[in-house]
Amino acid sequence: MALERNPAYVAPQRVYTCPMHPEIEQDHPGACPICGMALEPMAAQDDTDTDDVELKDMTRRFWIGLGLTIPVLALSMGDLIPGLHDWIAVLGQGTGIWIQFALSTPVVLWAGWPFFERGARSLITRHLNMFTLIAMGTGAAYGYSVIATVFPSLFPDSFRMDGRIEVYFESAAVITVLVLLGQILELKARASTGAALKALLGLVPKTARVLRNDGSELDVPLEQVKVGNRLRVRPGEKVPVDGVVLEGQSAVDESMITGEPIPVAKEQKSAVTGGTINGTGSLVIRAEKVGHDTLLARIVQMVGTAQRTRAPIQRVADRVAGYFVPVVLGSAMLTFIAWAWLGPEPRLAHALVNAVAVLIIACPCALGLATPMSIMVGVGRGAQLGILIKDAQALEQLEKVTVLAIDKTGTLTEGRPTLTGAITAAGFAETEMLRLAASVESASEHPLAAAIVAGAGKRKIALAKVEDFASITGQGVRGKVEGRTITVGSAELAGSTNPNILISSATQWRKEGQTVFSVGVDGAIVGLLAVTDPIKSTSPAAIKALHALGIKIVMLTGDHAETAQRVADQLGIDQVEAGVTPDKKHDMILKLKREGARVAMAGDGINDAPALAVADVGIAMGTGTDVAIESAGITLVKGDLLVLVRAIELSRATMRNIRFNLGFAFIYNGAGIPVAAGLLYLFGGPLLNPMFASAAMALSSVSVIANSLRLRCALS
């Protein structure tokens, strides 16, 4: 078979978006037209050539700007530096100012040019943002200084201090360099949150070994692999795509997906996941999912999307920021007017300096970063812990949960049930009953159905073809086998006749915590099957930890009341609702919400999807069905409730982090404006130089970023 590029494969087009405004999308890098922040790729990709363009550019501008700013700062502050004053005196004051002009011009107009571009765009689009203030502040300080240097005769005495006009080249240059430093720190922090995703992408090999029809093998680029291709995975190699084992036996290290260090045995018909590591055996697999359809790619996509979503709490910051910039501009104008009218001589010089200081210190960088940085870091940390968060709203809502509604099978229990008992009515052979029941159940996806089919397989019972198969929600399955109508499920579905021996057996099995199925043939119950699904070893500890977090546990299960109660008693569950159909699970969630509870629903099956969708937070077990995972806001990759405990702790830690960031930003900006406007001067204190205002502004952003990055160590 000749191999050629997969015609279904299309190289993904890189789309860039704003971390603060996800509605902004474009096919090239740039700045957000709303907030001015650098756009970033929507999807993490395993390349670094294009991702660091903005960071490299800002870093280059910073270092060149810093090198030019140091002598400008030295010339302007020579009076404060021993030994430098005499050298500057020899140089001459006029010459020193012209040197400052020459050195600061490339700093402001080249290194700081991106800020002027973003500030101008904010005025054009009428979306005033932090770059509006930065551009106006540095532009005013630099422009004033240029005119004072080139045309000093234009200025009246009110602009002169000790008979000379002060220039502020050092303020404009230092402000530019500090803002560049803040941008670099922010870009590095944002890049670090995507490092785990790139590391996951890097787990996938670049090539795959395809088996051709003539038996030969050929290494091809991964993007050329098609669904249905047979692939050889040799010992120690990484599995290239999601697939099913056709030949061979081995143990595969799946720790990068499940977190479990113990390799998982794989044999014929076992599923394997791309990126996992094959052990000592050789495997031949059939490619089932390739490219962006693989589990690893979907995890990366889900986490990346969640990092860009906005938590409801961010609306507070958005509303404040919407009014904040106009308020700052108004405050700067009032500051200028007040100092020009009431201030000491030289009034206009004082007015300009204080107005610029207000523009700079009030820059809402910290306010804008407060929520997105915490969300990005929190979601990334969740991915490392095996907690896939679909959106920021789910992360925020999880903190407030007071009731956890939980499915039994596959959530509290292993989800790998086994057939443990069979009994028939008089005149019907047990083997025949099991053959008919397993034949019908072979068409079902439910874990309990798989147990019945596996039980028949162990007894070497050959299954028959099933026709007219139907799954009756919450009751069981029905189908035709060899012309007879076979039902497996509830007694109401199976038939009206139920001998006493069957009733007593069913009662005893349920008391032991086993699930009982009635088997009906042409409307009459002919026997019972008992299936046991052992409780997960981690469930008792998880329930105890959830109770310690103040969460009430409600079990919602379609199983019989006696079976469900036995499991609930073993685990200490607060409330049991047994025999509930999917629509009743849905209604129960709504009932709990009407009673004032904040409800999370944890489940793993198709029958849980309606309840997962209507809950405040839907939590899917990663071992469950795709429908359940798509309906949930949070997925636990390992399907372990102990991970849910960590998810709740992570949610609470993230929300505490966001509230601290927002509180710090509000207090900082609220206190900074009057200080910059000269409040301290009224009580004998100093005026705030724009240069120090810029340092304070940068420090606020660094504080928010550093606090957000603490989440990377959360729950360690």
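Select Asp-219 to begin: in this predicted model the residue is partly exposed, with a relative accessible area of 47%. Add Arg-209 to the selection, which by contrast is buried at a relative accessible area of 11%. The side chains of Arg-209 and Asp-219 meet in a salt bridge, with 3.2 Å from N to O. Because Arg-209 belongs to strand β6 (residues 207–211) and Asp-219 to strand β7 (residues 217–221), this pair ties together parts that are ten residues apart in sequence.

Now select Arg-234 and Glu-237, which form a salt bridge whose closest N and O atoms are 3.4 Å apart. Arg-234 counts as partly exposed at 41% relative accessibility, and Glu-237 is likewise partly exposed, with a relative accessible area of 23%. Extend the selection to Arg-209, Glu-217, Asp-219, Arg-232, Arg-234 and Glu-237, and you will have one network, joined by salt bridges that share partners. The structure holds 18 salt bridges, and another of them can be found in helix α1 (residues 53–76), where Asp-57 and Arg-60 lie three residues apart, about one turn of the helix. The closest N and O atoms of Asp-57 and Arg-60 are 2.9 Å apart; Asp-57 counts as buried at 18% relative accessibility, whereas Arg-60 is partly exposed, with a relative accessible area of 43%.

Zoom out for a moment to take in the whole chain. The protein chain has 716 residues, of which buried residues make up 51%, and its secondary structure comes to 24 helices and 27 strands. Among the contacts with a separation of 6 or more, 68% are between residues 24 or more positions apart. The chain exposes about 31000 Å², and carbon and sulfur atoms supply 59% of that area.

Next, select Ile-285, which lies in strand β14 (residues 283–289) and counts as buried because its relative accessibility is 0%. Leaving aside residues up to four places away in sequence, Ile-285 touches ten residues that you can colour around it: Asn-229, Arg-230, Leu-231, Val-233, Val-239, Val-241, Val-244, Val-245, Leu-246 and Val-272. Ser-270 is 15 residues from Ile-285 in sequence, and the two C-alpha atoms are 9.3 Å apart in space.

Move on to the open sheet of three strands, which run in the order β11-β10-β13 with antiparallel pairing. The edges are β11 (264–266) and β13 (277–278), and since each has a single partner strand, one side of each is left without a neighbour in the sheet. Strand β10 (residues 250–253) is joined to β11 by three bridges, and you can locate the pairing by selecting Ala-251, whose bridge partner in β11 is Ala-265.

For a covered strand, select β25 (residues 599–603), in which five of the five residues are buried. Val-599, Met-601 and Gly-603 are on one side and Ala-600 and Ala-602 on the other, and both faces are covered. In a regular strand the side chains alternate between the two faces of the sheet. β25 pairs in the parallel sense with β16 over four bridges, and Ala-405 stands opposite Met-601. β25 also pairs in the parallel sense with strand β26 (residues 617–621), again over four bridges, where Gly-603 has Ala-620 as its bridge partner.

From β16, turn to helix α18 (residues 539–548). Which of its residues are buried? They are Ser-539, Ala-542, Ile-543 and Leu-546, and because they cover an arc of only 100° around the axis, they sit on the same side of α18. These buried residues pack against β16 (403–406), β23 (552–556), α19 (561–571) and α23 (641–677), while the face turned away carries the exposed residues Lys-544 and Ala-548. Just after α18, select Gly-550, which takes a positive phi of about 85°.

In the loop between β22 (524–532) and α18, look for Lys-536, which counts as buried at 10% relative accessibility. Beyond residues up to four places away in sequence, Lys-536 touches Gly-410, Thr-411, Leu-412, Thr-413, Glu-414, Gly-639 and Asp-640.

Two stops remain. Select helix α13 (residues 392–399), where seven of the eight residues are buried, so the helix is largely enclosed by the rest of the structure. Finally, go to the surface and select Trp-98, Ile-147, Val-150 and Phe-151, which form a nonpolar patch with about 380 Å² of accessible area together. Of these, Ile-147 lies in helix α5 (residues 130–150) and counts as partly exposed at 40% relative accessibility.

Terms used
Residues numbered from 1 in each chain as written. Predicted model: local features only at pLDDT ≥ 70, side-chain atom pairs only at ≥ 80, totals over all residues. Heavy atoms only, no water. Buried < 20%, exposed > 50% of the residue type's maximum accessible area, 1.4 Å probe, protein only. Helix = DSSP H or I, 4+ residues; strand = E, 2+ residues; numbered from the N terminus. Arc of directions from axis to C-beta. Contact = heavy atoms within 4.5 Å. Patch = residues over 30% accessible without salt bridge, like charges linked within 9 Å, V, L, I, M, F, W, Y side chains within 5 Å. Areas by Shrake-Rupley, 256 points an atom, 1.4 Å probe, with all protein chains shown as cover. Salt bridge = Lys/Arg side-chain N within 4 Å of Asp/Glu carboxyl O. Pairing = 2+ DSSP bridges.
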